[in-house]
Structure formats: C-alpha cells, structure tokens
Amino acid sequence: NFDQNDPQWLHKDNFLCAFTAPELLATLRTEYKVEANDGRRQLTVWSRQDNDRQTPLLLADLACQAGRDETSQFFSDLSGKRVVCVCASDVAKSSASENKYDGNSESSKSQLSGKHTHQFGNTSSGVKNNNGDTRTIHIVNSNTVKQFSNAIKHDIEQEYEEGINNFDSIQLNPTRFRPNVVVDGLEPWSEFDLIGKTIEVVPNQDNDAIGDGTKSSPLRFRITSRTVRCAGIGVDPLQPELGVIDIPKLLTKNFPQHGPYLGIYAVVDGYSGGSICVGDTFQVLDE
C-alpha cells in the first residue's frame with residue numbers, strides 16, 4: 001500500500017503499531033537514535049522485562065537496506081504477520097547503491113535531503129490543515145489527563161471482578177496518550193482554546209543558551225486540531241495492572257462536551273527552526 005517514490009499518508013491499520021497490536025508492543029521497549037556524524041539511524045528493541053536494557057532483542061540501522069530487512073524479519077517473526085520496514089525515497093542515494101546495501105559502506109547510508117514533508121504518523125491532521133505536510137507534533141495537557149483519570153475511576157473498577165487495591169492512588173500517565181510534548185500549568189481542557197493560534201516556546205533560563213552561548217531562534221507551533229482517540233491507547237505498558245481500557249468510550253461518557261478527544265496537534269510554524277527542552281514554557285502570540 002505504500003509507494004516510497006510517492007509517499008502518502010496511510011491509516012494506522014496498515015502498520016504494526018499500538019493500534020493494531022497494543023498488547024504485543026506493550027511488551028517491548030524501544031529507542032531510536034539518529035547519529036549526526038555518520039547518518040546511522042539506530043533502532044534498539046528490548047523486552048520490557050529487561051529493566052537494565054542489557055540484552056537487546058534487535059539492534060538495526062534503519063539507514064541501510066540490510067538494517068530495514070533485519071527489522072522486517074524481527075517484527076514478522078514476533079507478530080506472526082508479514083511486516084515490511086518502509087521509508088520514503090527522499091534520501092540521496094543512487095539506484096546503483098540501492099542494490100548494494102551491506103550496512104557498512106558509505107554508499108549504503110541514506111542521507112536525508114532536508115526537503116521531506118512526509119512523516120509516518122497517527123493523524124492526517126497535517127494533510128488537512130497544513131498543505132499536505134504530514135509532520136505534526138502531539139501536545140497533551142497533564143491536568144486534562146488528571147481530571148479524566150479521576151472521573152473514570154469508578155468505571156474502571158467495574159471492569160474488574162476482584163477490583164484493584166488502592167485504586168484511588170492510581171492515575172493515568174500522560175505518556176499513555178503518545179505525546180511528543182507534555183504541558184502543565186493549564187486548566188483541564190483549556191488546550192482546546194489554543195486551536196488556530198500560534199504559541200512560542202519561552203526557554204527556561206537554564207536552557208536559554210546553547211553550548212557556545214549563542215541563543216537559538218524562538219520555536220513556534222501553530223495549533224491545528226484536537227486529537228481524536230482510538231483503541232491504540234487502550235494499553236499502557238507503564239501500567240499493565242490496569243489492563244485494556246476503552247479510552248474513547250470513557251471520554252465520551254464522562255466528558256460528552258468534548259467527545260472522544262484528548263490532546264492537540266500542532267505544526268512547526270515557519271522554517272527558522274529552534275529547540276524545546278524540559279522546563280521550558282510557552283506564550284500565545286497575538287493574532
């Protein structure tokens with residue numbers, strides 16, 4: 001279904017992901033690193049039971065065909081389905097080198113052109129609201145998650161025959177909702193008021209300067225839409241004791257004024273770049 005020469009957004013049911021295999025993927029830990037010095041794109045997978053990350057189940061360089069093939073085989077064996085690791089073709093490599101990937105030579109490395117607008121993502125928000133650019137950022141308000149968590153405690157208790165000890169002490173983790181950025185200090189659900197507006201990152205004093213003392217350009221996000229939730233967040237690998245929770249159903253039941261929505265999507269405004277760090281704040285720009 002995916003054409004690497006003409007990459008288009010595809011619905012998540014085409015991928016092995018938290019939507020199609022939530023319980024399976026909840027058993028894994030992953031790390032993805034892009035090495036600036038040599039272009040390697042290193043994917044490492046561990047069992048979630050390997051708390052010290054001592055024994056990787058997979059260590060593959062996705063910048064070369066050999067690494068993508070290794071990744072495809074690993075997830076095919078794990079899931080019992082045919083899985084193919086695909087990438088967009090906006091990488092600077094010749095057709096000759098395409099057939100000579102050995103995972104080691106420089107010709108086997110995929111160097112990004114810097115002009116790509118395709119992102120394998122959960123949402124078509126960018127397609128609809130950003131001229132077809134699928135690159136989006138997902139922002140979640142921790143206070144919204146806290147209010148939602150408090151509201152559904154009774155509902156979740158009803159799902160368990162034996163109940164859960166000390167359920168009052170359990171809070172849903174914002175990371176369950178797959179955010180790129182978690183914000184605090186906002187009233188619950190007030191993030192929805194930001195849709196259509198532009199926010200600018202205000203660096204924390206400790207983050208204000210880059211290593212050599214040079215200040216970075218302000219990073220701005222344009223908020224495009226609310227995030228509709230699906231079964232992909234039904235399982236939280238950090239809270240396995242909660243089992244599978246029907247988040248969209250509980251959102252609609254307890255907060256009908258919002259429906260099955262939690263979180264907001266944003267796109268980077270402009271092309272000047274910038275950075276964001278833990279502890280930074282943001283301000284809403286005048287329209």
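Here is a chat between a biologist and a modeller about this predicted model.

Biologist: Let's start simple. How many helices and strands does the chain have?

Modeller: There are seven helices and nine strands. Keep in mind that this is a predicted model.

Biologist: And what share of the residues counts as buried?

Modeller: 38% of the 287 residues. For the outside, the accessible surface comes to about 16,500 Å², and carbon and sulfur atoms own 47% of that.

Biologist: What about contacts between residues far apart in sequence?

Modeller: Take the contacts with a separation of 6 or more: 65% of them are between residues 24 or more positions apart.

Biologist: OK, helix 2. Where does it run, and what is its reach?

Modeller: Helix 2 covers residues 65-79, so to speak 15 residues. From first C-alpha to last it reaches 21 Å, close to the 21 Å expected at 1.5 Å a residue. Right after helix 2 comes G80, with a positive phi near 75 degrees.

Biologist: Which residues of helix 2 are buried?

Modeller: G67, R68, T71, S72, F74, F75 and S76. Their cover includes helix 1 (22-25), plus strand 1 (28-34), strand 2 (41-47) and strand 3 (58-61).

Biologist: Those strands, what do they form?

Modeller: An open sheet of three strands in the order 1-2-3, with antiparallel pairing. Strand 1 and strand 3 are the edges, each pairing on one side only. From one strand to the next, the twist averages 10 degrees. Helix 2 packs on this sheet and touches strand 1, strand 2 and strand 3. The direction of helix 2 makes about 145 degrees with that of strand 3.

Biologist: How many bridges join strand 2 to strand 3?

Modeller: Four. If you want a spot to click on, L43 stands opposite A60 in strand 3.

Biologist: Moving on. Is strand 6 mostly buried or exposed?

Modeller: Buried: four of its five residues, in the stretch 198-202, are buried, so strand 6 is largely enclosed by the rest of the structure.

Biologist: Which strands does strand 6 run antiparallel to?

Modeller: Strand 7 (residues 220-228), through three bridges, and strand 9 (residues 281-284), through four. E200 faces R220 in strand 7, while I199 has V284 in strand 9 as its bridge partner.

Biologist: Next, the largest nonpolar core. Which residues touch the most other members?

Modeller: I139, F148, L172, F177, I247 and L262, out of 28 residues in that core. Elements giving it two or more residues include strand 4 (137-141), helix 5 (142-151), strand 6 and helix 7 (247-254). A second, separate core has nine residues, among them L28, V45, F74 and V83.

Biologist: Why would nonpolar residues group like that?

Modeller: As a general tendency in soluble globular proteins, nonpolar side chains tend to be buried together.

Biologist: Back to I247. What is it in contact with, beyond its close neighbours in sequence?

Modeller: Leaving aside neighbours within four places, I247 is in contact with F148, L172, R176, F177 and I233.

Biologist: Last topic. Which residues other than glycine have a positive phi?

Modeller: Two to look at are R53, at about 55 degrees, and W189, near 70 degrees. R53 sits in the loop between strand 2 and strand 3, and W189 in the loop between strand 5 and strand 6.

Biologist: Is each of them buried or exposed?

Modeller: R53 is partly exposed, with a relative accessible area of 37%. W189 is buried, at 7%.

Notes:
Residues numbered from 1 in each chain as written. Predicted model: local features only at pLDDT ≥ 70, side-chain atom pairs only at ≥ 80, totals over all residues. Heavy atoms only, no water. Buried < 20%, exposed > 50% of the residue type's maximum accessible area, 1.4 Å probe, protein only. Contact = heavy atoms within 4.5 Å. Areas by Shrake-Rupley, 256 points an atom, 1.4 Å probe, with all protein chains shown as cover. Expected span 1.5 Å × (residues − 1). Pairing = 2+ DSSP bridges. Axes fitted to C-alpha atoms, helices over the stretch in contact; angles between N-to-C directions. Core = buried A, V, L, I, M, F, W, Y, C linked by side-chain atoms within 4.5 Å.
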